[in-house]
Amino acid sequence: MTALTDRARGGAPVPDPFLPRPFVVRTARQDTRDTHTLELEPVDGGPLAFAAGQFTMMHAFGAGEVPISISGDPARPDRLVHTIRDVGAVTRALVHAVPGTVVGIRGPFGTGWEVSAGRGGDVVFVAGGIGLAPLRPAILEVCAARAEFGQVSLLYGARTPEDILFEDDLLVWSREHGIDVQVTVDNGQHAWRGRVGLVTQLVARARFAPESTLALVCGPEVMMRYAALALADRGIPKDRLRLSMERNMKCGVGLCGHCQLREFLLCVDGPVLTYDRLEPLMSRAEL
Ligand SMILES: Cc1cc2nc3c(=O)[nH]c(=O)nc-3n(C[C@H](O)[C@H](O)[C@H](O)COP(=O)(O)OP(=O)(O)OC[C@H]3O[C@@H](n4cnc5c(N)ncnc54)[C@H](O)[C@@H]3O)c2cc1C
Ligand code: FES
């Protein structure tokens, strides 16, 4: 048990990984029709340090518990930020949490993006839909040390213009940090003057030197499969191409087996895994 929980936390001391810590919602912002961002503070005042790409198990009392990636700034462990899409009972309870609501938090759990591996080279982020939320902490890390990275691109696909997340951030990342932000939508109405099409189509025109590029991909699994193929086709080494995988989760610490993907328990071996390890699994449907 101790060894397993230590594995989940990368060796850090873990008091009790099953005991939720109370966090209070400080701000609640509606981002899109079905997606909200909550800023939370620990009731006990202690920080919650995390690595970009990790997730917590969020407990909405009376509704249940779900895994949600952290979308905030790793440099601000005093403030936990989660961006949540309303798809079912628990996420609905969470998106309707108003300031003052107390929720339970376990974690952080899982592997991170390890942005530092990209220092000295180019970085490509590929995001689909709510997949921009788990990538946001990694983008903020790159922005904070911008001079240490070369060309940085963000390729982002949303269903419609109304589903585009973090529009203010997209502007800041582009204007103030020199990130080449390319946005496309699946369906654009008359007022939309931007690109229409699949995010994977943006890979062909992105500028990067493949051999020294770090590529971080998050979105629906089918989108990640085609994005990874396109990025690998352009010559990015498969061990420098990272994807965040999702499966149903219960314990979050490698004990229950709910999140198994063949030899991986995604709550501890993932959610972020390199493409050289995932490729054999992603080429097979229904795993
Ligand atoms: C590591 C990890 C990180 C995640 N990060 C986020 C995040 O940052 N923001 C966010 O909004 N969601 C995130 N999710 C997905 C989130 O956990 C699910 O949407 C949630 O568990 C659904 O619970 P529910 O009770 O609201 O809905 P349910 O009633 O359990 O499900 C409603 C519908 O959503 C589908 N669904 C359930 N889980 C998932 C899933 N993991 N992926 C896709 N569809 C699913 C179900 O098949 C069903 O059709 C993450 C999942 C994992 C594993
Ligand atoms: S969620 Fe229990 S083993 Fe991963």
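This section describes the two largest pockets of a predicted model.

The largest pocket encloses about 1300 Å³ of space. Its lining comprises 45 residues, of which R85, I130, G219, P220 and E246 are the closest to the pocket centre. Several secondary-structure elements each supply at least two lining residues, namely the strands β4 (64–69), β5 (80–85) and β8 (152–158) and the helices α3 (132–144) and α5 (221–233). By class, 22 residues of this lining are nonpolar, 13 are polar and 10 are charged. Domain 1 (2–109) and domain 2 (115–256 + 269–282) each provide at least three residues of the lining of the largest pocket.

The second largest pocket has a volume of about 380 Å³. It is lined by 21 residues, and those closest to its centre are R29, T37, E39, R136 and D169. At least two lining residues come from each of β1 (21–30), β2 (35–42), β5, α3 and α4 (167–175). The class composition of the second lining is five nonpolar, six polar and 10 charged residues. Because domain 1 (2–109) and domain 2 (115–256 + 269–282) both contribute to this lining, the second largest pocket lies between the two domains.

With respect to secondary structure, β5 and α3 each supply at least two residues to the lining of the largest pocket, and β5 and α3 also each supply at least two to the lining of the second largest pocket.

How values were computed
Residues are numbered from 1 along each chain as its sequence is written. Chains are lettered from A and ligands numbered from 1 in the order in which they are written. This is a predicted model: local features need pLDDT of at least 70, side-chain atom pairs count only at pLDDT 80 or more; totals for chains, interfaces and linings use all residues. Side-chain values use heavy atoms; hydrogens and water are left out. On a 1 Å grid over the protein atoms alone, a cavity is a set of points where a 1.4 Å probe fits but cannot get out, and a pocket is an open set with protein on both sides within 12 Å along at least five of seven lines; lining residues have an atom within 4 Å of a point. Grid points are joined across faces, edges and corners, and a volume is the space filled by probe spheres set on the points. Helices (H or I, at least four residues) and strands (E, at least two) are DSSP runs, numbered from the N terminus. Ala, Val, Leu, Ile, Met, Phe, Trp, Tyr, Cys and Pro count as nonpolar, Asp, Glu, Lys and Arg as charged, and the others, Gly among them, as polar. Domain bounds come from an automatic or database domain assignment.
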